[in-house]
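User: I am new to this structure and would like to learn it by asking questions. Please keep the answers short.

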Amino acid sequence: MMSQMPQQAALSKCPSCAEPLQSGDRFCEKCGYDLSALASTPAAVNGTAPPPPPGAADVAWPGASEPAGSDTPAAAHLPADLQGVESDGRGHSGVRFDRAPEPEEYPLQAPDPRIAAEQPSPAEAAKVCVACRAGRVDHDGYCENCGHAQPRERDHMEQECGPIAAVSDRGLRHHRNEDAFAVGCTALSDGSPAVLAIVCDGVSSATRPDDASQAASRAASEALLAALPHGTHPQQAMHEAIVAASRAVNALAGEPATAREHAPHQNAPACTLVGAVITAGLLVVGWVGDSRVYWVPVDRSTPPARLTEDDSWAAQMVAAGLMNEAEAYADERAHAITGWLGADAYELEPHTASFKPDRPGVVVVCTDGLWNYAEAAHEMADIVPLDAAVRPLHSAQVLVGHALDGGGHDNVTVAVLPFPAPPMGAGSA
């Protein structure tokens with residue numbers, strides 16, 4: 001066996017630059033040539049070495065010499081499970097491992113110019129982790145130091161539009177925010193002001209619920225902003241907006257066949273919707289699902305009210321007289337919805353209602369992420385700040401904070417609108 005071992009001492013000169021070698025040298029001291037690459041060849045054992053192959057000084061695979069006259073890479077002689085190719089059991093090799101097999105030793109090489117090109121730009125380096133405040137955030141949105149996932153754009157959203165505002169938050173338990181909202185201000189055909197808010201809650205059991213809520217909120221708000229200035233009655237405009245939102249969500253189900261192959265048993269994208277339009281003397285609400293609208297008068301000595309009825313199992317039980325509200329909402333089936341927007345909805349039934357309040361107040365449009373912590377109208381009124389009509393953004397922040405303080409078990413979204421709609425150009429204090 002000893003006669004088959006490499007005899008590197010027999011090499012007297014470097015095969016690359018002819019520099020004299022000492023016994024046991026593994027690299028040429030003058031040119032850095034890797035002598036171990038020749039140690040296993042018969043010519044090296046006999047004291048002579050062939051000229052170095054092109055690139056031999058850059059890449060060395062010790063012990064992976066090729067048979068003379070072979071055009072096949074050395075790795076091809078390895079067993080299939082070591083070549084970086086996984087066999088499919090039928091003699092075909094179509095799936096590659098992430099990394100090729102690693103050599104036992106690595107020669108020292110000059111820096112790869114591609115590495116310098118991949119270094120983060122100053123702008124990227126300045127993006128630090130919100131948790132540890134030290135690590136750099138990688139392209140996947142995670143801290144390279146502590147591994148903390150960074151907030152995404154939709155994790156917390158705030159928007160103020162004139163006298164109205166909305167806030168949405170991921171909450172404390174969900175990995176993403178599946179809620180969405182849209183707010184807007186416009187004028188009716190007679191020039192009087194109108195404000196609106198749409199709030200949508202993605203159905204988590206469906207696929208792409210975040211896309212569904214965003215598509216629905218955008219489609220509904222765009223429909224309202226287009227219809228109201230042209231003289232469409234606000235209640236009719238709300239009905240048409242819900243239909244437009246339904247079409248937008250249905251369109252998301254038209255995925256390529258390849259996308260369905262990965263999740264053939266998932267439901268089509270779906271969400272709930274609730275909205276409000278406020279003019280100088282009219283309040284219109286519309287909904288499908290279990291998100292809600294509450295009326296809270298400025299004069300808290302007068303009663304507040306809930307203006308929507310849930311499309312849910314609990315609401316059906318109460319309406320049928322089979323349970324009282326406390327019993328129905330304590331049941332584990334309480335939040336099973338019976339109406340939603342989506343291609344697999346049984347039938348689209350937009351609900352709309354109009355009111356003419358005789359006093360000023362604020363309208364709270366919200367998902368169940370908020371009303372789970374203030375279900376009754378008087379409970380909601382208790383947490384709405386007294387100055388909500390003039391500080392809608394602050395009030396929406398307070399209401400979201402109430403849900404987070406209560407546990408934040410769900411995404412939470414709320415819009416706050418004053419009634420009557422203030423003159424155009426009026427904003428929050």
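User: Where is Arg208 in the chain?

Analyst: This is a predicted model. Strand E6 covers residues 193-202, and helix H4 covers residues 209-227. Arg208 sits in the loop between E6 and H4.

User: Is Arg208 buried, exposed or partly exposed?

Analyst: Buried means under 20% relative accessible area, and exposed means over 50%. The relative accessibility of Arg208 is 28%. Arg208 therefore counts as partly exposed.

User: What is the phi of Arg208?

Analyst: Most residues other than glycine have a negative phi. Arg208 is not a glycine, yet its phi is positive. The value is near 50°.

User: What span does H4 reach from its first C-alpha to its last?

Analyst: H4 has 19 residues. At 1.5 Å a residue, 27 Å is expected. The span in the model is close to that, at 27 Å.

User: What covers the buried residues of H4?

Analyst: The buried residues of H4 include Pro209, Ala212, Ala216, Ala220 and Leu224. Their cover includes two helix and strand neighbours named H5 (234-251) and E6. Also included are strands E5 (179-187), E7 (270-278) and E11 (341-342).

User: Is Ala216 buried or exposed?

Analyst: Ala216 belongs to helix H4. Its relative accessibility is 0%. Buried means under 20%, so Ala216 counts as buried.

User: Which residues does Ala216 contact, leaving aside neighbours within four places in sequence?

Analyst: Ala216 and Thr272 are 56 residues apart in sequence, with their C-alpha atoms 8.7 Å apart. Thr272 is not listed among the contacts, but Cys271 and Leu273 are. The full set is Cys200, Ala245, Val249, Cys271, Leu273 and Leu341.

User: How many residues of E6 are buried?

Analyst: Both faces of the strand are covered. One side carries Pro193, Val195, Ala197, Val199 and Asp201. The other carries Ala194, Leu196, Ile198, Cys200 and Gly202. The buried count for E6 is ten of ten.

User: How many bridges join E5 to E6?

Analyst: E5 and E6 form a hairpin with five residues between them. Gly191 in the turn has a positive phi of about 90°. Across the pair, Ala182 stands opposite Ile198. The two strands run antiparallel, and the number of bridges is nine.

User: Which residue in E7 is the bridge partner of Val195?

Analyst: E6 also pairs with E7. The sense is antiparallel, over eight bridges. In E7, the partner of Val195 is Ile278.

User: Which residues touch the most other members of the largest nonpolar core?

Analyst: This core has 26 residues. E6, H4, H5, E7 and E8 (283-288) each supply at least two of them. Cys271, for one, is in contact with Cys200, Ala212, Ala216, Val249 and Leu341, among others. The residues with the most core partners are Ala216, Leu224, Leu228, Cys271, Leu273, Val277 and Leu341.

User: How many residues does the other core have, the one with Ala166 and Leu417?

Analyst: It lies apart from the largest core. Phe419 and Ala421 are also among its members. Its size is 25 residues.

User: Which strands stand at the edges of the open six-strand sheet?

Analyst: The strand order is E3-E4-E14-E13-E9-E10, with antiparallel pairing. An edge strand here has a single partner, so one side is left without a neighbour in the sheet. The edge strands are E3 (156-161) and E10 (305-306).

User: Which residue in E14 stands opposite Asp169?

Analyst: E4 spans residues 164-169. E4 runs antiparallel to E14, and five bridges join them. Opposite Asp169 in E14 is Val412.

User: At about what angle does H11 run to E4?

Analyst: H11 covers residues 392-405. This helix lies across E3, E4, E13 and E14. Its angle to E4 is about 25°.

User: Is the peptide bond from Phe419 to Pro420 cis or trans?

Analyst: Pro420 lies in the segment after strand E14 (412-419). Most peptide bonds are trans. Here omega is near -5°, and the bond is cis.

User: What share of the protein chain's residues count as buried?

Analyst: The chain has eleven helices and 14 strands. Its residues number 429. The buried share is 40%.

Methods. Residues are numbered from 1 along each chain as its sequence is written. This is a predicted model: local features need pLDDT of at least 70, side-chain atom pairs count only at pLDDT 80 or more; totals for chains, interfaces and linings use all residues. Side-chain values use heavy atoms; hydrogens and water are left out. Helices (H or I, at least four residues) and strands (E, at least two) are DSSP runs, numbered from the N terminus. Buried means under 20% relative accessible area, exposed over 50%, partly exposed in between (1.4 Å probe, protein chains only). The expected span of a helix is 1.5 Å times one less than its number of residues. Contact means heavy atoms within 4.5 Å. Two strands pair if DSSP finds at least two bridges between them. A nonpolar core is a set of buried Ala, Val, Leu, Ile, Met, Phe, Trp, Tyr and Cys residues joined through side-chain atoms within 4.5 Å. Axes are lines fitted to C-alpha atoms, for helices over the stretch in contact, and angles run from 0 to 180 degrees between N-to-C directions.
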